[in-house]
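Q: I would like to learn how features are read from a model of this kind, going from a single residue to the whole chain. Could we take them one at a time?

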Amino acid sequence: MVNNKLAQPSSLAQLTLYFLKLGTIGFGGPIALAAYMEQNLVEKRKWITETDYKQGLALAQLAPGPLAAQLAIYLGYVHSGILGATLVGLAFILPSFIMVLALSVAYVQFGGLRWMQALFYGIAAAVIGIIARSAYKLTKRTIGKKRLLWIIYVAMALITAITRSEIVWLFILSGFVAVAVYAPPRWMAARAFSFLPWFGLMAPQGKPPVDHGTLWKILIYFAKAGAFVFGSGLAVVPFLYGGVVKDFHWLTEKQFIDAVAVAMITPGPVVITVAFIGYLVAGFAGSCLAALGIFVPVYLFVIIPAPWYRKYGATPKIAAFVEGVTAAAIGAITGAVYVIGGGAIRDVPTALIALGSLLILIYTKIPEPILVCAAGFMGLLLFKG
């Protein structure tokens, strides 16, 4: 039975403070953060109805960008309109941004020291296990028994692993293929797939516009990441790898894995790793622009369609599109395990740390931050330089 009865309404200040706290202590990745919101705001405090929460979760899956941040912004919008969406979004993102910025400064300042290298030697390997576990959980929860979704999933995993990059237009195409199969319009009854070749015309160029300033490149590239990457926050990892490491050569593979590791050991949305990347490329300004670039599209993709979506979000065609895009995104995450694993797993100790982390996550309830800290300690013991 759906619970749509609210307790005494909360003020916007109370809701903002809640998300400030969640952004400060909320570990565990997008799935865990979404679960915290449901437990605290829907079940315990009854500040948000179950219907509004489920609609927000569905919109977060449909729109590009990190799931947890989008859900938070949507709940703020439901509560207090655009002002609520803005304040909640800032409160949720700001704590993790500040933490990542501080870690970025420490990384640049002490990154050449042996103890810092040893820490990330272990942490980076553990991160591979965490991503593998997340890919498994997302696959199990989302793909189900639908054959087409498995085809999309496997195809995107192989494409990501082979090309070592994320091809954005394939995500959009996957969504439309799912619509064509699961919820075809009436005019497609006789020629279900006759329109599909036209979607090749929608493919973006794959690179941000050329500009003389690196700061502009950072802003534009990360805005593109925020606008075109679907699924959980981890879905941005293969996309960023392709641009940051392969196309622009801003970071080495090791630095990129360290950037993902930093996001794993801090609370809040995983996608805040962009602040670390931006800092390594262009200091404080780069960090701010990277975060601004990736979160502004996320914000706009929530508040602009929110009024329409609250009316029509449950239609079969939209649900089918979400299924197709989500299957493609999870496939890309799975492929990314192979891509970035090659840089993090360098020898037998790191292979054992990665495998051990995966098994611990599968068979125990140890929180990810504790696991990452333990991996850092193992790195200190095993690193040989």
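Q: Let us begin with one residue: is F383 buried or exposed?

A: Bear in mind throughout that this is a predicted model. A residue counts as buried when its relative accessible area is under 20%, and F383, with a value of 10%, is therefore buried. F383 belongs to the segment after α15.

Q: Which residues is F383 in contact with, once its neighbours within four places in sequence are left aside?

A: F383 is in contact with R114, Q117, A118, Y121 and R346. A C-alpha distance gives a second view of this region: F383 and L119 are 264 residues apart along the chain, and their C-alpha atoms are separated by 8.4 Å.

Q: Where is L382 placed, and is L382 buried or partly exposed?

A: L382 lies in helix α15, and at 31% relative accessibility L382 counts as partly exposed. On the surface, L382 joins F110, W115, F377, M378, L380 and L381 in a nonpolar patch, whose residues together have about 650 Å² of accessible area. Helix α15 (residues 368-382) supplies the largest share of the nonpolar patch, 5 residues.

Q: How is the length of a helix checked, and what should helix α5 span?

A: The expected span is 1.5 Å times one less than the number of residues. Helix α5 (residues 114-142) has 29 residues and should therefore span 42 Å, and the distance of 42 Å between its end C-alpha atoms agrees with this. Just after α5, G144 takes a positive phi of about 65°.

Q: Which residues touch the most other members of the largest nonpolar core?

A: The largest nonpolar core has 107 residues, and F19, M37, F222, L240 and F256 are those that touch the most other members. Helix α4 (residues 67-110) gives the most to this core, with 19 residues. Another core, of 5 residues, lies apart from it and includes V179, A183, F321 and V325.

Q: What does L240 touch, not counting residues up to four places away in sequence?

A: L240 touches Y221, F222, A225, V245, F256, T273, V274 and I277. To follow one of these contacts from the other side, T273 is in contact with L240, A259, V260 and A263, again leaving aside neighbours within four places in sequence. T273 is placed in helix α11 (residues 273-303) and is buried, with a relative accessible area of 4%.

Q: How many salt bridges are counted, and which side chains meet in a salt bridge?

A: The count comes to 1 salt bridge, and the side chains of D258 and K254 meet in a salt bridge with an N to O distance of 3.0 Å. An α-helix has 3.6 residues a turn, so residues three or four places apart point the same way. In this case D258 and K254 are 4 residues apart in helix α10 (residues 253-264), and therefore about one helical turn separates them. D258 is buried, with a relative accessible area of 1%, whereas K254 counts as partly exposed at 38% relative accessibility.

Q: How many helices and strands does the chain have, and what percentage of its residues count as buried?

A: The chain has 15 helices and 0 strands, and 52% of its 385 residues count as buried. Among contacts with a separation of 6 or more, residues 24 or more positions apart account for 74%. The chain exposes about 17,400 Å², of which carbon and sulfur atoms supply 68%.

Definitions and conventions
Residues numbered from 1 in each chain as written. Predicted model: local features only at pLDDT ≥ 70, side-chain atom pairs only at ≥ 80, totals over all residues. Heavy atoms only, no water. Helix = DSSP H or I, 4+ residues; strand = E, 2+ residues; numbered from the N terminus. Buried < 20%, exposed > 50% of the residue type's maximum accessible area, 1.4 Å probe, protein only. Contact = heavy atoms within 4.5 Å. Core = buried A, V, L, I, M, F, W, Y, C linked by side-chain atoms within 4.5 Å. Patch = residues over 30% accessible without salt bridge, like charges linked within 9 Å, V, L, I, M, F, W, Y side chains within 5 Å. Areas by Shrake-Rupley, 256 points an atom, 1.4 Å probe, with all protein chains shown as cover. Salt bridge = Lys/Arg side-chain N within 4 Å of Asp/Glu carboxyl O.
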